Amino acid sequence: MLNSNALCAGICDGANLAHFMNDSALSKRKESIMKWYAGFLIAGLCAGAVPALHGQNDTDPAAVVARVSGENLTMADLQNKEGGKLLQAEYQYYLNERKALEELIDNRLLADEARKRNISLDQLLNTEVYKGVKDPTEDQLEVYYEGLDTQEPYEAVRVDVLQHLRELRRTKARAAFVENLRKQANINVLLMPPAVNLNIAKAYTKGSQEAPVVFVEFADYECPYCQKVNPQIQQLKKDYGDKLAVVYKDFPLPMHHSSEKAAEAARCAGAQGKFWEYHDVLFYSKQVDVDALKEHARVLKLNGDAFDTCLDSGSQATAVKQDLEEGKDLGLTGTPSFFVNGHFFSGVIDYGTLKDMVNQQLNLAAATHAKEQISQK
């Protein structure tokens, strides 16, 4: 399945100059609107007026959203009964909000830097940010032109190609400058993804369920993205120690024909006290046919006969399907899918994003604890 991040990356990578030129007028109009909107938001922040962000999930659970035959249906009813149908839509909205917020932060950092230097934002961009940006050579323009899907002669599109490459280089220079500003700034993002309630009472957990941050992963042992992220999750547990509990839930996808049996095998190993060891072997080896599943048990020195009986009988199939149904009820459509203290995010995730999500919850827990201590005085 193509996740939203991969899809976005594909669209961005696939954009060509012909499309850019066809939509140039519209793009300029959008750019003008976005600059005005960003300026409006920054002005609002400077004045102390912070716009409401819907991703904060601050809707009143008791709010009545409908009346049926005289009976009220509340927001809590909607979330509890149909929340899974809304989760993906809410997450996409959050991603859009987060992207806009990151742009707002970048613009704020640039505005603050210009103010510190007592110059205008345009002066900062032209004298500092873009000072090392050079125009492409004629040879570079011609090479880029040769890669375009266009019937227009080079001379007809040269100016557009030059402007396009110039903007790409300026964008790259701006991003590098802003990244340096971010490293020097104290940024605490409070906007959070949508959240749901999860049942982890019987799930395999590495660490205490009383840890301030509980990291839940719904995954598939044949999923290449799950295989890739597994070492990062292990590193996350090492980095945060007792502050983090990692929970695994099965979500075998229908196109992966061996993943459900692999999930059963991990639970059969769990019956002998080695779930996590077996779980890691599956992700590292990527071998999930039945013969390999039984061989893994021997490598881990499990009771082979007991393991084979467990696997062949399908005694763990019900438990696997319970996780799968829970994921479906939540509206999950792909793997890996994550919940950090109930807050959902998914897709191709890098280690920095994983840490950001954990740190956000740790900061929230620390702030809540501080408020409780103050209220007790």
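Q: Buried means under 20% relative accessible area, exposed over 50% and partly exposed in between (1.4 Å probe, protein chains only), and what share of the protein chain counts as buried?
A: Before the number, note that this is a predicted model, where local features need pLDDT of at least 70 and side-chain atom pairs count only at pLDDT 80 or more, while totals for chains, interfaces and linings use all residues. Residues are numbered from 1 along each chain as its sequence is written, and side-chain values use heavy atoms, with hydrogens and water left out. The chain has 377 residues, and the buried share is 39%.

Q: Which helix has the lowest confidence?
A: pLDDT is the predictor's confidence in each residue, from 0 to 100, and its mean over the protein chain is 85. Residues 1-57 stay under 50 all the way. Where pLDDT is low, the predicted coordinates should not be read in detail. Helices (H or I, at least four residues) and strands (E, at least two) are DSSP runs numbered from the N terminus, and while α9 (residues 259-270) comes out highest at 98, the lowest mean, 35, belongs to helix α1.

Q: Which cysteines does the disulfide join?
A: Two cysteine sulfur atoms within 2.5 Å make a disulfide, and the structure holds one. Its sulfurs sit 2.1 Å apart, in C268 and C310. The link bridges distant parts of the chain, 42 residues apart, from helix α9 to helix α12 (residues 304-313). Both partners are buried, and they are C268 and C310.

Q: How far is the sulfur of C223 from the nearest cysteine sulfur?
A: C223 counts as buried, at 3% relative accessibility. C226 is buried as well, with a relative accessible area of 0%. C226 is in no disulfide. Neither is C223, whose nearest cysteine sulfur, that of C226, lies at 3.1 Å.

Q: Which helix gives the most residues to the largest nonpolar core?
A: A nonpolar core is a set of buried Ala, Val, Leu, Ile, Met, Phe, Trp, Tyr and Cys residues joined through side-chain atoms within 4.5 Å. The largest one here has 74 residues, and those with the most contacts inside it include F215, Y221 and F307. Nine of its residues come from the top contributor, helix α4 (residues 75-116).

Q: What do the buried residues of α11 pack against?
A: Contact means heavy atoms within 4.5 Å. Helix α11 (residues 290-299) has A292, L293, K294, H296 and A297 as its buried residues. F307 touches L293, K294 and A297, among others. As a group, the buried residues of α11 pack against α9, α10 (275-285) and α12.

Q: Why is the pair of Y221 and F283 called tilted?
A: Rings of Phe, Tyr and Trp (its six-membered ring) pair if their centres lie within 6.5 Å; planes under 30 degrees apart are stacked, over 60 edge-to-face and the rest tilted. Here the centres are 5.0 Å apart, and the pair is tilted because the planes meet at 40°.

Q: Where do Y248 and F283 lie, and what type of pair do they make?
A: Y248 counts as buried at 2% relative accessibility, and F283 is buried with 2% too. With centres 6.4 Å apart and planes at 70°, the pair is edge-to-face. It ties together parts 35 residues apart in sequence, strand β5 (residues 244-250) and helix α10.

Conventions. Lists of a residue's contacts leave out its neighbours within four places in sequence.
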